[in-house]
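Colleague: Before I use this model in my own calculations, could you take me through it? I would like the definitions spelled out as we go.

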Amino acid sequence: MTDHRKLPSSGKKAAVGAQEKARGPAEFQIGPKEPTRAFVIVPWFKAQKDARRKPENRLEEAVGLAAAIDLDIVGREVVMITQARPATLIGTGKLEELGELMSALHVELVVVDGTLTPGQQRNLEKAWKVKVLDRTGLILEIFGARAATREGALQVELAHLTYQKSRLVRSWTHLERQRGGTGFLGGPGETQIEADRRAIQDKINRLEKQLDKVKRTRELHRKGRREAPYPVIALVGYTNAGKSTLFNRLTKASVFAKDLLFATLDPTMRLVDLPSGRKVVLSDTVGFISDLPTHLVAAFRATLEEVLEAEIILHVRDISHEETDAQRADVLDVLKTLGIEQDGERPIIEVLNKADLMEPERRAALLNQTDRQKEVTLISALTGEGVDHLLADLDALLAEQALVVEAALGPEEAEALAWLHQQGVVSGQEMDEDGTNHLVLKLDDVTLGRFRKRFAATAARVLTGIPEREAEEG
């Protein structure tokens, strides 16, 4: 399962070695001039029970993650492990074999697609004489490169510091030195590692305070959206499933969308017109991934909570991917941590994307199947196939949640009448001689609550008999 470039000749090796010596020791860097030469390793336990995934696909995903920060992948390999070694994870023989290969390829960075303990990471770096990143560290690097807003940068920094705090081990002798004893007898004071850990914790405390302010601002924005007359629909899905491409097609926006893992990080919202004329707010969120680091889930909770504000969730899936079912399970697991269940009260529509990459027979069979399923739609966000059908399904779903109400609005209530028309909830209207409009309304819970809040006196008169509970839900 090894795939790497042809080893350089001895002459080339000597020349490269001289260049390396002249520049000094290699450092991990992300820059446009010389991409860091990286080797990707996927540790795969022979007794691994996860039948949903294959080691080759996991390796491909790991390489995709590394490519997301422009690393130069000079080698890749799945390493079969019978039993994990506490010190190095990998057995001694394989450790030496990989070390020779990395030396020949002039590797500067090794990405281990798994979780390493601080001791294992340190020991691997010593054995291979290169920088080592585990899966969590790599995803943190990607998120750090992608964060475009102040909130995103703070969230990434918080996750990074939390991760870094757990990595402080006695790798260097200076961490064992004592400092700062007080009192007549002196006392032991604190070691450098304790001082470093305390300094990181102080930074974490400051970041959490800053994020609390951002969270309050985000809550004010949510409050404003609740008072706005539009339902919210959230896009969720595995990274690179095509969420941003679909978002751009539906909203005619230009959010960064590329065939790249974690192409977008910060949430974006735009208005979308449904076929009935009803307007909805569409929210594009960060992509999910298997084994999403807990530091990131915690740090990005405020961002992920945008999903909790949605009336409908669109789960975008890459139906052409070999492990689409496993990716679906990973997304549902993350939603579950937010308190959203697949069969809960909040509707979840599965949007099977990338139909254009499927074989014609399979696409026809799947299209026939989804036509009979209410909350599953087959589309291609790239070509636009099935997108009109998706919008119609959203319209129908919002209409199904509606109550049919008869109301009479006088000429002085023209603003309320215009607002109801703007929501697309007026299904019948007649005007009598004195200018009174007799309406048949289809009001979903959200619109009903907002109507009551915005036009309290009119709503109290025309919505008699409908429980106030509806307004609280809205």
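What follows is a set of questions from the colleague, each answered by the modeller.

Colleague: At what pLDDT are local features and side-chain atom pairs accepted in this predicted model?

Modeller: This is a predicted model, in which local features need pLDDT of at least 70 and totals for chains, interfaces and linings use all residues, whereas side-chain atom pairs count only at pLDDT 80 or more. Residues are numbered from 1 along each chain as its sequence is written, and side-chain values use heavy atoms, with hydrogens and water left out. The two thresholds asked for are therefore pLDDT of at least 70 for local features and 80 or more for side-chain atom pairs.

Colleague: How many helices and strands does the protein have, and what share of its residues counts as buried?

Modeller: Helices (H or I, at least four residues) and strands (E, at least two) are taken as DSSP runs and numbered from the N terminus, which gives 17 helices and 16 strands. Buried is used for under 20% relative accessible area, exposed for over 50%, and partly exposed for what lies in between, with a 1.4 Å probe and protein chains only. Of the 474 residues, the share that counts as buried is 48%.

Colleague: In what order do the six strands of the open sheet with mixed pairing lie?

Modeller: Two strands are said to pair if DSSP finds at least two bridges between them. The edge strands, each pairing on one side only, are strand 9 (268-273) and strand 13 (376-378), and strand 9 runs antiparallel to strand 10 (residues 279-284), joined by six bridges, with V272 opposite V280. The order of the open sheet is 9-10-8-11-12-13.

Colleague: Which helix touches strand 8, strand 9, strand 10, strand 11, strand 12 and strand 13?

Modeller: Contact here means heavy atoms within 4.5 Å, and angles run from 0 to 180 degrees between N-to-C directions, the axes being lines fitted to C-alpha atoms, for helices over the stretch in contact. Helix 11 (residues 324-337) lies across strand 8 (232-237), strand 11 and strand 12 (348-353), at about 150° to strand 11. The helix that touches the six strands named, with a direction at about 155° to that of strand 11, is helix 13 (residues 387-400).

Colleague: What covers the buried residues of helix 11?

Modeller: The buried residues of helix 11 are T324, A326, Q327, A329, D330, V331, L332, V334 and L335. An α-helix has 3.6 residues a turn, so residues three or four places apart point the same way. The cover of the buried residues of helix 11 includes strand 8, strand 11 and strand 12.

Colleague: Is H315 buried or exposed?

Modeller: H315 lies in strand 11 (residues 312-318). Leaving aside neighbours within four places in sequence, H315 is in contact with V236, G237, R328, V331, L332, I348, I349, E350 and V351. Because its relative accessibility is 1%, H315 counts as buried.

Colleague: Which residues are linked with R135 in a network of salt bridges?

Modeller: A salt bridge is a side-chain nitrogen of Lys or Arg within 4 Å of a carboxyl oxygen of Asp or Glu, and the whole structure holds 14 of them. E61 and R135 meet at 2.9 Å, N to O; E61 lies in helix 2 (residues 55-67) and R135 in helix 5 (residues 135-146), so this pair ties together parts that are 74 residues apart in sequence. R135 also forms a salt bridge with D113, with the closest N and O atoms 2.6 Å apart, and both of these residues are buried. The residues linked with R135 in the network are R58, E61 and D113.

Colleague: Which residue of the salt bridge between D325 and R317 is buried?

Modeller: The closest N and O atoms of D325 and R317 are 3.1 Å apart. D325 is exposed, because its relative accessible area is 57%. With a relative accessible area of 8%, the buried residue is R317.

Colleague: Which helix lies across strand 14, strand 15 and strand 16?

Modeller: These strands form an open sheet in the order 14-16-15, with antiparallel pairing, whose edge strands are strand 14 (403-409) and strand 15 (426-431). Strand 14 pairs with strand 16 (residues 437-443) over seven bridges, and L403 stands opposite L443. Lying across the three strands, at about 40° to strand 16, is helix 14 (residues 414-422).
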